[in-house]
Amino acid sequence: MTHLFSPLSIGNLELANRIVIAPMCEYSAEAGLATDWHMIHLGHLALSGAALLFTEATAVEPDGRISPGDLGLWSDDTERALGRVVDAVRRYSPIKLGIQLGHAGRKASSDAPWNGGQLVLASDGGWQGWAPSAMPHNAAEPAPHALDEAGLKRVREAFADSARRAVRLGFDAIELHAAHGYLLHQFLSPLANRRDDAYGGSLENRMRFPLEVFQALREVTPPSVTLGVRVSATDWVDGGWDLAQTLVFAQALKDRGCEFIDVSSGGVSSQQKIPVGPNYQVPFADEIKRKVGMPTITVGLITEAQQAEDILARGEADMVALARGMLYDPRWPWHAAAQLGGQVAAPRQYWRSQPREHKALFGETRFGQR
Ligand SMILES: Cc1cc2nc3c(=O)[nH]c(=O)nc-3n(C[C@H](O)[C@H](O)[C@H](O)COP(=O)(O)O)c2cc1C
């Protein structure tokens with residue numbers, strides 16, 4: 001039995017294997033509404049054989065979008081549009097569905113990457129972001145609004161409202177986005193959080209708002225839906241957020257009922273120096289898994305089947321997530337299973353594609369059969 005193709009249960013979430021499709025912004029929603037692009041994109045990834053598919057970062061309020069094309073889940077209309085995609089995936093695939101809920105904070109109102117990704121000013125149809133402190137991500141940009149008590153309450157409630165909608169849509173998992181320099185990471189990092197109230201200064205204070213948001217999600221998420229968090233384990237900047245603080249945060253999340261942690265890094269500062277390479281974020285997941293003992297997802301430049309298998313065999317993480325590798329090869333799990341001797345779920349429409357030399361590839365896990 002391979003590690004990559006062995007099942008895993010996290011709470012009520014039963015995963016057929018350890019392959020997760022990481023959240024990927026598509027910048028293709030219209031006023032927060034999922035479009036046919038989401039149907040095609042999430043639809044084709046749902047046939048990949050991975051166990052768990054995350055939506056892109058989905059904004060909990062319009063001002064929390066990274067770009068005007070971000071997916072949202074803040075209204076009946078956005079819920080209905082996403083529901084159409086969820087229902088279609090459900091009809092044709094047994095893949096488990098996770099939603100990543102996020103708020104861009106001071107990194108809101110950016111153009112799509114293919115347009116350069118620059119901040120869109122309010123005068124050009126953009127909007128002003130919200131942040132722990134009135135400090136822009138880049139010095140040349142206008143400062144975001146600093147959230148006051150009423151703003152914090154609004155954002156907390158927006159997260160809870162989106163989570164209620166996600167539960168209603170039947171998502172199997174919810175991932176709170178506290179990574180990549182977006183709002184919750186901005187609260188955690190001393191590089192972005194300069195508050196002098198109960199939400200800034202000490203580590204305990206900087207964790208306060210992200211933990212309050214987590215708690216708000218925990219309260220509205222039933223045990224049937226698995227709830228986890230994506231973190232940046234380090235800012236890759238001296239004096240910033242780091243692994244030691246992440247360990248404290250992860251323990252605090254676990255104590256409050258967090259069921260998995262998805263370990264990424266960076267995103268809060270343009271000063272970051274990231275030693276990018278295969279497995280470069282694995283040591284963070286490994287440390288969190290060993291010290292805190294929560295089911296852990298590792299992500300970042302995992303591209304080879306044997307590489308993924310080895311990470312799991314060494315016990316450095318419980319699941320591997322792929323983003324770019326999955327876009328490049330949407331049938332990556334099939335090819336990994338063929339290489340390592342595992343099995344994947346395949347739709348009946350594609351059964352005839354099973355190669356002669358991999359007779360057990362689709363095994364008992366075919367779907368679409370009556
Ligand atoms: C097109 C694209 C969009 C992304 N959007 C998100 C996102 O919405 N939320 C998130 O947490 N990470 C996002 N990421 C980061 C990925 O989830 C992943 O952590 C990163 O790409 C490293 O994994 P990889 O080397 O397998 O691509 C995105 C990455 C890509 C390539």
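These exercises work through the ligand site and one salt bridge of a predicted model.

**Exercise 1. Ligand surroundings**

Task: State which residues come nearest to the ligand, and give the make-up of its shell by class.

Solution:
- Start with the count. There are 16 residues around the ligand.
- Pick out the nearest. They are Cys-25, Gln-100, Arg-230, Leu-301 and Arg-324.
- Sort the shell by class. Nine residues are nonpolar, four are polar and three are charged.

**Exercise 2. Backbone contacts and cover**

Task: Find polar backbone atoms that approach the ligand at Pro-23, Cys-25 and Ala-323. Then say how much of the ligand the protein covers.

Solution:
- Take Pro-23. A polar atom of its backbone lies 2.8 Å from a ligand oxygen.
- Go on to Cys-25. Here the partner is a nitrogen atom of the ligand, 2.8 Å from a backbone N or O atom.
- Finish with Ala-323. Its polar backbone atom is 2.9 Å from an oxygen of the ligand.
- Apply the cut-off. A polar contact is a pair of N or O atoms within 3.5 Å, so each of these pairs qualifies.
- Now the cover. On its own the ligand has 600 Å² of accessible area, and the protein covers 82% of it.
- Locate the site. The ligand sits in the largest pocket.

**Exercise 3. A salt bridge between helices**

Task: Characterise the pairing of Arg-84 with Asp-36.

Solution:
- Recall the principle. Oppositely charged side chains can pair when their charged atoms come close.
- Check the distance. The closest N and O atoms of Arg-84 and Asp-36 are 2.7 Å apart.
- Place the partners. Arg-84 belongs to helix α2 (residues 76-92), Asp-36 to helix α1 (residues 36-45).
- Read the separation. The two are 48 residues apart, so the pair links distant parts of the chain.
- Set the context. The structure holds 20 salt bridges.

Key:
Residues numbered from 1 in each chain as written. Predicted model: local features only at pLDDT ≥ 70, side-chain atom pairs only at ≥ 80, totals over all residues. Heavy atoms only, no water. Near = heavy atom within 4 Å. Polar contact = N/O pair within 3.5 Å; in protein donor to acceptor, adjacent residues only side chain to side chain. Areas by Shrake-Rupley, 256 points an atom, 1.4 Å probe, with all protein chains shown as cover. 1 Å grid on protein atoms, 1.4 Å probe; cavity = no way out; pocket = protein on both sides within 12 Å on 5 of 7 lines; lining within 4 Å. Sits in = over half its atoms within 2 Å of the grid points. Nonpolar A, V, L, I, M, F, W, Y, C, P; charged D, E, K, R; others polar. Salt bridge = Lys/Arg side-chain N within 4 Å of Asp/Glu carboxyl O. Helix = DSSP H or I, 4+ residues; strand = E, 2+ residues; numbered from the N terminus.
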